[in-house]
Amino acid sequence: MFKYIINKIFSFSRPVKLAIISILDLFIIIYCSYLSLAIRFDEINLFSLVDERYLISLEFFLIPIFVYFLFAIIFKFYSLSFRFYNLGNNFYILFLLAGISILILNKLINEYYSNGAVFINIILIFVSIVISRKLISKIYLNLQNKTKQNSAIVCNSKNLHKIYEYLKLNQSISIRAVFL
């Protein structure tokens, strides 16, 4: 059942998969924002806080969402850099810039906020997004490798190039050995 659902998700069209990844990112950002406040105040139920209630604001949750998706649009996180659901090369540098932007926007927009909660939030968001991408990549590559058929080639040397070119076009065959 689980394998069927994963295969079905990976067989969706590209826009649907990008929408799923965007929703996953949104969920990660909201969850990490809540978790960072919970870690900062040592209280899982933030609604029971009385003295620190002024530090919990809607802006604290909206700023990371706005910054992340703004960077995603400007720097095209969801374009070619997400080939096979991996991260691009400049993704980690952009995380640092996004973290600084989140910190600056909290200073400008939020009247009261916790520096500790903002730093914890930045770290949790970016670590969680990187882990989710790596996990998606591992699942995708495992599914790709399981659908390939292992094979060995036995032929003379003058036909090897032709056979290899033919099999290279056939992506469902994984060449494990060549015997001449």
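Helix H3 takes in residues 58-74, and because a helix is expected to advance 1.5 Å a residue, its 17 residues should span 24 Å, which agrees with the 24 Å between its end C-alpha atoms. The model in which this helix is seen is a predicted one. Among the residues of H3 that are buried are Phe60, Phe61, Ile63, Pro64 and Ile65, and further along the helix Val67, Tyr68, Phe69, Phe71 and Ala72 are buried as well. After H3 comes lysine 76, whose phi is positive, near 55°.

A second helix, H2, covers residues 14-41. The axes of H2 and H3 come within 10 Å and cross at roughly 145°, and the crossing is right-handed. On the side of H2 the contact is made by Ser22, Asp25, Leu26, Ile29, Ile30, Ser33, Tyr34, Ser36 and Leu37, while H3 brings Phe60, Phe61, Pro64, Ile65, Tyr68 and Phe69 to it. Sorted by kind, the residues of this contact comprise 11 that are nonpolar, 3 that are polar and 1 that is charged. As a general point, an α-helix has 3.6 residues a turn, so residues three or four places apart point the same way.

Aspartate 25, which belongs to H2, deserves a separate look. Aspartate 25 has a relative accessible area of 0%, and because a residue counts as buried under 20%, aspartate 25 is buried. Leaving aside residues up to four places away in sequence, aspartate 25 touches Tyr68, Phe69, Tyr78, Ile129 and Arg133. Of these, Tyr68 and Phe69 are also among the residues with which H3 meets H2.

Technical notes:
Residues are numbered from 1 along each chain as its sequence is written. This is a predicted model: local features need pLDDT of at least 70, side-chain atom pairs count only at pLDDT 80 or more; totals for chains, interfaces and linings use all residues. Side-chain values use heavy atoms; hydrogens and water are left out. Helices (H or I, at least four residues) and strands (E, at least two) are DSSP runs, numbered from the N terminus. The expected span of a helix is 1.5 Å times one less than its number of residues. Buried means under 20% relative accessible area, exposed over 50%, partly exposed in between (1.4 Å probe, protein chains only). Contact means heavy atoms within 4.5 Å. Axes are lines fitted to C-alpha atoms, for helices over the stretch in contact, and angles run from 0 to 180 degrees between N-to-C directions. A crossing is left-handed if the near helix is turned anticlockwise from the far one by less than a right angle, and right-handed if clockwise. Ala, Val, Leu, Ile, Met, Phe, Trp, Tyr, Cys and Pro count as nonpolar, Asp, Glu, Lys and Arg as charged, and the others, Gly among them, as polar.
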